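The following note is written for a colleague who is beginning to read protein structures. Please keep the sequence and the model in view while going through the numbered points.

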Amino acid sequence: MIIFDDVCKVYSTGTEAVKHTTLHIEKGEFAFIVGPSGCGKSTLMKMILKEVEPTSGDIYINGKSIINIPHNKVPYLRRKMGIVFQDFRLLPDKTVYENVAYAMRVIGANPKQIKKQVPNVLSLVGLLKKAKVYPEQLSGGEQQRVAVARAIVNNPMMLIADEPTGNLDPETAWEIMSLLNDINRRGTTVVVATHAKDIVDKMQKRVIAIENGTVYSDIKKGVYINEHKYD
């Protein structure tokens, strides 16, 4: 599903963000990417989304290299991905329903499809009763649920989440991660970059630990021991 083949990334400042990383995330897997700030995990996530290009090496998504994809084809690549950010990135002038429906409209879904799919997804994330509410009227956890709904409404093959619980209290953070776990159980590949040690430990999923731009540890059912060491 996602393959990094000897990938390096050196920024124009000379910073080596990623060093000779080889990594394979299987279809249907749930993987955490963890590590201290500045370790390279955000760069890895951005390279999956093709927001950042590797300096060398190759990246494959669903069996195809994404290195030489033309710029105008990148939106089509991202249609296969659901993306959840720490800061939600909802459209403030649109209701919950409209925020989720917008993700379908941009790929050309017809009104009948939208009318059927959006309520189904809002029901899945527990927000059907708040379909007509605006983002500013929601709690942080509810806003993130809208972001998750928007990310999965087009039935993506994979869900990429960069610090999705960073702005949430512990209880709400766990609710969001439980939701992502449910989505994974439905067959979607889920990759989450996080600092949330307690969540990583409790969920017992694959843990890919990054330090100084390299994979420090990679275990199928691991724990996030502390900011620098993993087991």
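**Notes on the predicted model**

1. Strand 9 is a suitable starting point in this predicted model. Strand 9 is mostly covered, for six of its six residues are buried. R206, I208 and I210 point one way from the strand, while V207, A209 and E211 point the other way, and all are buried.

2. The neighbours of strand 9 should be considered next. Strands of a sheet pair through backbone hydrogen bonds, in either a parallel or an antiparallel sense. With strand 3, strand 9 pairs in the parallel sense over four bridges; here R206 in strand 9 is the bridge partner of A31. With strand 10, strand 9 (residues 206-211) pairs in the antiparallel sense over five bridges. In strand 10, S217 is the bridge partner of A209, and T214 is the bridge partner of E211.

3. The connection between strand 9 and strand 10 also deserves attention. These two strands form a hairpin with two residues between them. In the turn, N212 has a positive phi of about 55 degrees.

4. Strand 9 belongs to an open sheet of six strands, in the order 6-7-8-3-9-10, and the pairing is mixed. Strand 6 (81-85) and strand 10 (214-219) stand at its edges; each has a single partner strand, so one side of each is left without a neighbour in the sheet. On average, neighbouring strands of this sheet are turned by 15 degrees against each other, direction ignored. Helix 1 (residues 41-48) packs on the sheet and touches strand 3 (30-34), strand 6, strand 7 (158-162), strand 8 (189-193) and strand 9. The direction of helix 1 makes about 145 degrees with that of strand 7.

5. A further open sheet is formed by four strands in the order 2-1-4-5, with antiparallel pairing. Which strands stand at its edges? They are strand 2 (16-25) and strand 5 (64-65); each has a single partner strand, so one side of each lacks a neighbour in the sheet. Strand 1 (residues 2-10) and strand 2 pair in the antiparallel sense over six bridges, and V7 stands opposite T21 in strand 2. Helix 1 packs on this sheet, touching strand 1, strand 2 and strand 4 (56-61). The direction of helix 1 makes about 120 degrees with that of strand 1.

6. The largest pocket has a volume of about 610 Å³. Its lining consists of 19 residues, of which R78, M81, I83, A103 and V106 lie nearest the centre. Helix 2 (74-78), strand 6, helix 3 (96-105) and helix 5 (140-152) are the elements that give two or more residues to this lining. Strand 6 provides the largest share, four residues.

7. How many disulfides does the structure hold? The structure holds zero disulfides. A disulfide is a covalent bond between the sulfur atoms of two cysteines, and the cut-off applied here is a pair of sulfur atoms within 2.5 Å. The closest cysteine sulfur to that of C8 is in C39, at 16 Å, which is too far for a bond. For C39 the closest cysteine sulfur is in turn that of C8, again at 16 Å and too far for a bond. C8 is buried, with a relative accessible area of 9%; C39 is also buried, with a relative accessible area of 2%.

Conventions: Residues are numbered from 1 along each chain as its sequence is written. This is a predicted model: local features need pLDDT of at least 70, side-chain atom pairs count only at pLDDT 80 or more; totals for chains, interfaces and linings use all residues. Side-chain values use heavy atoms; hydrogens and water are left out. Buried means under 20% relative accessible area, exposed over 50%, partly exposed in between (1.4 Å probe, protein chains only). Two strands pair if DSSP finds at least two bridges between them. Axes are lines fitted to C-alpha atoms, for helices over the stretch in contact, and angles run from 0 to 180 degrees between N-to-C directions. Contact means heavy atoms within 4.5 Å. On a 1 Å grid over the protein atoms alone, a cavity is a set of points where a 1.4 Å probe fits but cannot get out, and a pocket is an open set with protein on both sides within 12 Å along at least five of seven lines; lining residues have an atom within 4 Å of a point. Grid points are joined across faces, edges and corners, and a volume is the space filled by probe spheres set on the points.
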